[in-house]
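Here are a few exercises to work through with the viewer open. Try each task before you read its solution.

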Amino acid sequence: MTVLVTGGAGGIGSAICRVFAQNGFDVIINYHNGKQRAELLCEEIKNEYGTNARAVYCDVSDASSVREMFDEIDSSKEKVDVLINNAGVAQQKLFTDITDSEWKNMRGVNLDGTFYCCREALKRYMLPAHRGAILNISSMWGQTGASCEVHYSAAKAGVIGLTKALAKEVGLSGVRVNCIAPGVVMTDMMKGFDEQTLNELKEETPLNRLGTPEDIAEAALFLCGDKADFITGQILGVNGGFVI
């Protein structure tokens, strides 16, 4: 079994790659800017878990780049059994200050990339095989909206809508499509927040802690595995109770 993780060298992505490798999956790690991190993660996975791992470049916001990534996967005779659309960008900014390019980039990486990767994986592997699992990573702000993150919230809400509609369309073809909406997770995306803000977010969380990448990774493994065989079209909030 092979899993393709977009944004696989980042905080949540690398945790997902490790958990799947630990459970016997071969891993394809998509990267855009983090080539060195992706290659180091590949070596770690091979040495630590004994499964195959390779890094593949792609700008998920570019349809032609996505096609090239899947062409490269095809050329190595690999097949994607599980697709995890994890690549994402975030930004905090007043709505009236958001530029056209920032809007397009936010939508491009978070939503367009999910669409492009789903399309290629379904056409090339999952629909012909009549099996497969797709997991999209959204955000709790895609469920509720966040002030000063309108473009991010809109893109992540689009991922939720895509998940639900696509699950209905491909269910008869044996493909499951689900989504995780993480809460506040301690990754590089949180570096811009000061200690006071992080403590306030912790206090707002009923479980009184912030999330870890491993929290998301374990939920991803469950939703993409056989134990979730009757689960599709669902949005799982992994947020410590921040959004209920």
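**Exercise 1.** Work out how strand 5 and strand 6 pair, and over how many bridges.

Solution. Start with the direction: strand 5 and strand 6 pair in the parallel sense, and six bridges hold the pairing. Strands here are DSSP E runs of at least two residues, and helices are H or I runs of at least four, both numbered from the N terminus. Two strands count as paired if DSSP finds at least two bridges between them. For one concrete bridge, take G132, whose partner in strand 6 is V175. A housekeeping note: this is a predicted model, where local features need pLDDT of at least 70, side-chain atom pairs count only at pLDDT 80 or more, and totals for chains, interfaces and linings use all residues. Residues are numbered from 1 along each chain as its sequence is written, and side-chain values use heavy atoms, with hydrogens and water left out.

**Exercise 2.** Now look across to strand 7: how many bridges join it to strand 6?

Solution. Four bridges link strand 6 (residues 175-182) to strand 7, and the two run parallel. Within strand 7, G237 sits opposite A181. Next, bring in helix 8 (residues 213-224), which packs on the sheet and touches strand 4, strand 5, strand 6 and strand 7. Its direction makes about 165 degrees with that of strand 6; contact means heavy atoms within 4.5 Å, and angles run from 0 to 180 degrees between N-to-C directions of lines fitted to C-alpha atoms, for helices over the stretch in contact.

**Exercise 3.** Is strand 6 mostly covered or mostly open?

Solution. Count first: eight of its eight residues are buried, so strand 6 is mostly covered, where buried means under 20% relative accessible area with a 1.4 Å probe, protein chains only. Then split the strand by side: V175, V177, C179 and A181 point one way, while R176, N178, I180 and P182 point the other, and all are buried.

**Exercise 4.** Place D81 and decide why it counts as buried.

Solution. D81 is in the loop between helix 3 (63-75) and strand 4 (82-85). D81 counts as buried because its relative accessibility is 17%. Setting aside neighbours within four places in sequence, D81 is in contact with M1, T2, M126, R131, G132 and A133. Last step: a polar atom of the D81 side chain lies 2.8 Å from the backbone nitrogen of T2.

Conventions. Buried < 20%, exposed > 50% of the residue type's maximum accessible area, 1.4 Å probe, protein only. Polar contact = N/O pair within 3.5 Å; in protein donor to acceptor, adjacent residues only side chain to side chain.
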